[in-house]
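Let us go through this fold in questions and answers. Please bring up the sequence and the model first.

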Amino acid sequence: MRLGLVAFMLLLSGCTHVVNVEKTVEYKCGDQIVLAEYLDDESVVIKINGQNSVLKRSETDSGERFDNTDSKMTFVKKDNDSIYLSTK
């Protein structure tokens with residue numbers, strides 16, 4: 001029992017930063033619904049086709065841009081509420 005408690009504490013030590021969902025938005029892209037959860041650490045979780053990807057905010061001149069180099073996903077939201085989602 002004690003060993004299990006130690007293992008549990010070690011597992012929790014890697015998860016010390018808590019993030020909250022600031023807003024959730026559904027976008028329609030063709031026949032697909034894309035769910036975007038904007039987090040308070042300036043990242044966004046994109047949920048599409050049963051897969052989740054966490055994208056980090058990138059610098060851009062207009063609107064908002066989020067990227068994930070591992071999943072090769074880019075999400076851009078322009079000031080006029082148009083969006084662009086790229087997956088490779």
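Two strands pair if DSSP finds at least two bridges between them. Strands (E, at least two residues) and helices (H or I, at least four) are DSSP runs, numbered from the N terminus. The model is predicted: local features need pLDDT of at least 70, side-chain atom pairs count only at pLDDT 80 or more, and totals for chains, interfaces and linings use all residues. Residues are numbered from 1 along each chain as its sequence is written, and side-chain values use heavy atoms, with hydrogens and water left out.

Q: What is the bridge partner of K47 in β4?
A: Strand β3 covers residues 43-48 and β4 covers residues 51-58. The two run antiparallel, joined by six bridges. In β4, K47 has as its partner N52.

Q: What pattern does the chain follow along the sequence?
A: The chain has one helix and seven strands. Read along the sequence, the pattern is α-β-β-β-β-β-β-β.

Q: Which strands stand at the edges of the sheet, each with a single partner strand?
A: The sheet is open, with antiparallel pairing and the order β1-β2-β3-β4-β5-β6-β7. Each edge strand has a single partner, so one side of it is left without a neighbour in the sheet. These strands are β1 (21-29) and β7 (83-87).

Q: What percentage of the residues in the chain is buried?
A: Buried means under 20% relative accessible area, with a 1.4 Å probe and protein chains only. The chain has 88 residues. The buried share is 27%.

Technical notes
Buried < 20%, exposed > 50% of the residue type's maximum accessible area, 1.4 Å probe, protein only.
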